[in-house]
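Work through the exercises below with the sequence and the structure open. Each task is followed by a solution in steps.

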Amino acid sequence: MPPRTVRLALFLLTAALLLVSCTDDASSGTENAPGTEPSFRKDGTLTFVRADGSDARTIDIEIADTDEERARGLMYRRSMGYDQGMLFLLKETSARGFWMKNTPLPLDIIFLAPDSTIINIAKRTTPFSEELIRPEAPKRYVVEVRGGFTDRFNIKPGMAVEWTRRPSEEPSSS
């Protein structure tokens, strides 16, 4: 074989081995196989409460209360029902923002004050965007739901949120 052909063959073999040995960032740190969508895990329920005390809407929630769960959030989710969402329990009250990196699903991001009232809502966020989405005031909790949820169920700033963990765990409420 001519030296040029040997070099090309070695290059192609090396490239193939590198591709096989690399892991996809999308799957690292998750429980899912590469290319699969994370499945919903019901950790509890969350209810949006109107000013008059009546329930506006109750949904099932995943609770993100570890650093890893908060960092992953709803990344790689391609679908979510109007009866599902994610509640982020943050370590401290802050004005730090959220982003949509690796998130193909448009979301409504609901920022909550320490007393669990809605501060503001970022509606129909842009999938895959790395632009920071910030609360209008320091938040302690964040709820992410399917884009359009807050318009569909008339969820507004000033409303309260109540949540509980599944009965198999110690009840929590805020």
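**Exercise 1. The largest pocket**

Task: State the volume of the largest pocket in this predicted model, and describe its lining by position, element and class.

Solution.
- Step 1. The volume of the largest pocket is about 590 Å³.
- Step 2. Its lining consists of 23 residues; nearest the centre are Arg-70, Leu-90, Arg-96, Gly-97 and Phe-98.
- Step 3. Three elements give at least two lining residues each: helix 2 (67-72), strand 3 (84-94) and strand 6 (139-146). Strand 3 has the largest share, with five residues.
- Step 4. Sorted by class, the lining holds ten nonpolar, nine charged and four polar residues.

**Exercise 2. The chain as a whole**

Task: Give the order of helices and strands, and say what share of the residues is buried.

Solution.
- Step 1. Count the elements: there are three helices and seven strands.
- Step 2. Read from the N terminus, they follow the order α-β-β-α-β-β-β-β-α-β.
- Step 3. Of the 174 residues, 40% are buried. The accessible surface of the protein is about 10100 Å², and carbon and sulfur atoms account for 53% of that area.
- Step 4. Take the contacts between residues at least 6 apart in sequence: 68% of them join residues at least 24 apart.

**Exercise 3. A long-range neighbour in strand 3**

Task: Which residues does Thr-93 contact, leaving aside its neighbours within four places in sequence?

Solution.
- Step 1. Locate Thr-93 in strand 3. Its relative accessible area is 36%, so Thr-93 is partly exposed.
- Step 2. The contacts of Thr-93 beyond those neighbours are Pro-114, Pro-138, Lys-139 and Arg-140.
- Step 3. Take Arg-140 as an example. Thr-93 and Arg-140 are separated by 47 residues in sequence, yet their C-alpha atoms are 4.4 Å apart.

**Exercise 4. Two positive phi angles**

Task: Tyr-76 and Arg-124 each have a positive phi. Is each of them buried, partly exposed or exposed?

Solution.
- Step 1. Recall the background: most residues other than glycine have a negative phi.
- Step 2. Tyr-76, with a phi of about 70°, sits in the loop between helix 2 and strand 3. Its relative accessible area is 17%, which is under the 20% cut-off, so Tyr-76 is buried.
- Step 3. Arg-124 has a phi of about 45° and belongs to the loop between strand 5 (118-122) and strand 6. At a relative accessible area of 48%, Arg-124 is partly exposed.

**Exercise 5. An aromatic cluster**

Task: Name the geometry of the pairs Phe-48 with Phe-149 and Tyr-82 with Phe-153, and say which parts of the chain each pair joins.

Solution.
- Step 1. The structure contains five aromatic pairs. In one of them, Phe-48 and Phe-149, the ring centres are 5.5 Å apart and the planes stand at 50°, so the pair is tilted.
- Step 2. Phe-48 belongs to strand 1 (residues 44-49) and Phe-149 to helix 3 (residues 149-152), 101 residues apart. Phe-48 is buried at 0% relative accessible area, and Phe-149 is also buried at 0%.
- Step 3. For Tyr-82 and Phe-153 the ring centres are 6.1 Å apart and the planes at 70°, so the pair is edge-to-face.
- Step 4. Tyr-82 is in the loop between helix 2 and strand 3, and Phe-153 in the loop between helix 3 and strand 7 (160-165), so this pair ties together parts 71 residues apart in sequence. Tyr-82 is buried at 17%, and Phe-153 is buried at 19%.
- Step 5. Ring pairs join Phe-48, Tyr-82, Phe-149 and Phe-153 into a cluster.

Notes: Residues are numbered from 1 along each chain as its sequence is written. This is a predicted model: local features need pLDDT of at least 70, side-chain atom pairs count only at pLDDT 80 or more; totals for chains, interfaces and linings use all residues. Side-chain values use heavy atoms; hydrogens and water are left out. Helices (H or I, at least four residues) and strands (E, at least two) are DSSP runs, numbered from the N terminus. Buried means under 20% relative accessible area, exposed over 50%, partly exposed in between (1.4 Å probe, protein chains only). Contact means heavy atoms within 4.5 Å. Accessible areas come from the Shrake-Rupley method with a 1.4 Å probe; for residues, only the protein chains shown count as cover. On a 1 Å grid over the protein atoms alone, a cavity is a set of points where a 1.4 Å probe fits but cannot get out, and a pocket is an open set with protein on both sides within 12 Å along at least five of seven lines; lining residues have an atom within 4 Å of a point. Grid points are joined across faces, edges and corners, and a volume is the space filled by probe spheres set on the points. Ala, Val, Leu, Ile, Met, Phe, Trp, Tyr, Cys and Pro count as nonpolar, Asp, Glu, Lys and Arg as charged, and the others, Gly among them, as polar. Rings of Phe, Tyr and Trp (its six-membered ring) pair if their centres lie within 6.5 Å; planes under 30 degrees apart count as stacked, over 60 as edge-to-face and the rest as tilted.
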